[in-house]
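Dear colleague,

I am passing this structure on to you, and below it I have set out what was found in it. Please read the notes with the model open beside them.

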Amino acid sequence: MDLPPANGVPTPELPPPPPGRCHFWLPNKRRHCANTPIPSSQYCGNHSPASSSDSRRRVPCPVDPSHTVFEENLEAHVGKCPFRKQADALAAQPYYSKGINSGGGEAGGAVVTSAAKRASVHKLSEEEFWGLVVKIRSAHTAAAVEMRESYIAPDACDKWMKGQVDRKVPYQEKHVVQQVSIVGNMETFGLLPRGGAEDATDEIAVKNPPAAVEFGAGRGYLTQMLADCYGIKNIFLVERRAYKLKADRSLRQNEGVKLERLRIDIEDLNLHGVQALNGGQYLAIGKHLCGPATDMTIMCCLHEQHNHTEEKGHDKHHLRGLALATCCHHLCQWKHYANKSFFSGLGIAEEEFHAMTWFSSWAVDGDHSSQDSLEAEDLSSEGRETEKPDPEIIGVERIIRSIPGVERSALGFMCKDIIDTGRLLWLRSKCLDADLVRYVPSDISPENHLLIAKCRS
């Protein structure tokens, strides 16, 4: 079936819209918009041609920025926004504490966008740009930990690797490989019993297994593996978005499993307010915690403020350990980063940090079938291909386009290594035994860093 023109107008090749529905075609969903048309129009207010040509300014709703309203209607809209009741209900929860894990940055404040980071880099002089590149390479040589490869598939996860899982749930092989290696590293590091729940000999692990708190849980499949293979019974899924095809239903079918899904931003989560979690140990896990979500998670688990803020009468819980797969370093923010003193000690200031986060996106551009090829000094002529120069592009942008793709990738990986090294050192400063490893090959995912740690006591 041919897709319609960009303006969404139906064509004879498309099915007619259902009666009483907007005629705008949504190509990604392969259906028409489900909204009701406005009077005297075939389209809803969002897709009306008149709306698209309206010169009035739309602004994000302060209650829920996922939608926008006309600026002159903002005050009236806030009072009746359908998300207001949901926001008020969240604010009343004992585990809600706005900005508690913001890292000292303004809670809910403006972020430095990728466009702003790019513009800041392009404003550098050529000398300043190359000086920053030299500083990054020097910092990587002096401070970045040397990561070892740790690709582990424990026996407890055999049935997952052999595909003996519920086929009603949409598992993809590359995601299963990542999940298996995450829990395999947890087992090797001493956070989970050897051989899974069936072979566990540790009396504490058998009678009193830790709870699992999955941050940025999405559909919750990583936690389902822990429940199926290691007998985890007390489960908390932290996710600010709503998802379909969640693992919640199959998790609840496991005998004895208690599941609580917390619909909240990690930035605002006070674990001491989660009543069902208090009084026991827990494991903090996350598969691909994007950008600042990693920093917010480790601060959520190890936040000094919990010792000074009102804990609403609940007993304290105890972190046993954590395993967090980091990703999307280009989204990192200085205001949220956990170990600012690490970068300050390297002579890297806030603007340079944001430049590094922008450079980190170069690591995941193109083919990453071999990590070693990105670090090799003797680059092939193919690896040294550059973008064709545009005579109208000048300054730093022209320099960047002239850098071979493999060299850009190598610099991007250096930036990711340095950012995650700072997080590793922050965990060690909190008296945790911690490590940073590559948990899957780059051809499975170039986002393959795993922070893993356990409490010494």
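Strand 10 (318-327) and strand 12 (residues 449-455) pair in the antiparallel sense over 6 bridges, where two strands count as paired if DSSP finds at least two bridges between them, and where helices (H or I, at least four residues) and strands (E, at least two) are DSSP runs numbered from the N terminus. Within this pairing, Leu324 stands opposite Leu451 in strand 12. With strand 9 (281-290), strand 10 pairs in the parallel sense over 8 bridges, and there Ile285 has Ala323 of strand 10 as its bridge partner. Of the 10 residues of strand 10, 9 are buried, so this strand is largely enclosed by the rest of the structure; buried means under 20% relative accessible area, exposed over 50%, and partly exposed in between, with a 1.4 Å probe and protein chains only.

Before going further, please note that this is a predicted model, in which local features need a pLDDT of at least 70 and side-chain atom pairs count only at pLDDT 80 or more, while totals for chains, interfaces and linings use all residues. Residues are numbered from 1 along each chain as its sequence is written, and side-chain values use heavy atoms, with hydrogens and water left out.

The wider sheet is open and has 8 strands in the order 5-11-12-10-9-6-7-8, with mixed pairing. Strand 5 (148-149) and strand 8 (258-262) stand at its edges with a single partner strand each, so one side of each is left without a neighbour in the sheet. Strand 11 is joined to strand 12 by 7 bridges, and these two strands run antiparallel; Leu436 has Leu451 of strand 12 as its bridge partner.

Two helices pack on this sheet. Helix 11 (residues 292-301) touches strand 6 (211-215), strand 9, strand 10 and strand 12, and its direction makes about 170° with that of strand 9; contact here means heavy atoms within 4.5 Å, and axes are lines fitted to C-alpha atoms, for helices over the stretch in contact, with angles running from 0 to 180 degrees between N-to-C directions. Helix 16 touches strand 10, strand 11 and strand 12, and its direction makes about 160° with that of strand 11.

How do these two helices lie relative to each other, roughly parallel or roughly antiparallel? The axes of helix 11 and helix 16 come within 12 Å and cross at roughly 0°, and the two helices are therefore roughly parallel to each other; angles under 35 degrees count as roughly parallel, over 145 as roughly antiparallel, 65 to 115 as roughly perpendicular and the rest as oblique. Thr294, Asp295, Ile298 and Met299 of helix 11 make the contact with Arg423, Trp426 and Leu427 of helix 16. By class, this contact has 4 nonpolar, 1 polar and 2 charged residues, where Ala, Val, Leu, Ile, Met, Phe, Trp, Tyr, Cys and Pro count as nonpolar, Asp, Glu, Lys and Arg as charged, and the others, Gly among them, as polar.

Helix 16 also holds Thr421, which is buried, with a relative accessible area of 0%. Leaving aside residues up to four places away in sequence, Thr421 touches Ala143, Ala144, Val145, Phe342 and Leu436.

A second helix pair is arranged in another way. The axes of helix 5 (residues 126-143) and helix 13 (residues 350-360) come within 11 Å and cross at roughly 80°, which makes helix 5 roughly perpendicular to helix 13. The contact is made by Phe129, Leu132, Lys135 and Ile136 of helix 5 and by Glu352, Ala355, Met356 and Phe359 of helix 13, and these residues divide into 6 nonpolar, no polar and 2 charged.

Two cysteines deserve a look for their backbone angles. Most residues other than glycine have a negative phi. Cys328, in the loop between strand 10 and helix 12 (340-345), has a positive phi near 50° and is buried, with a relative accessible area of 17%. Cys431, in the loop between helix 16 (405-429) and strand 11 (432-438), has a positive phi near 65° and is partly exposed, with a relative accessible area of 48%.

Finally, some notes on the whole chain and on confidence. The chain has 16 helices and 12 strands, and buried residues make up 47% of its 457 residues. Its pLDDT, the predictor's confidence in each residue from 0 to 100, averages 83, and 81% of the residues score at least 70. Over residues 1-12 the pLDDT stays under 50, and over residues 366-384 it is below 50.

With kind regards
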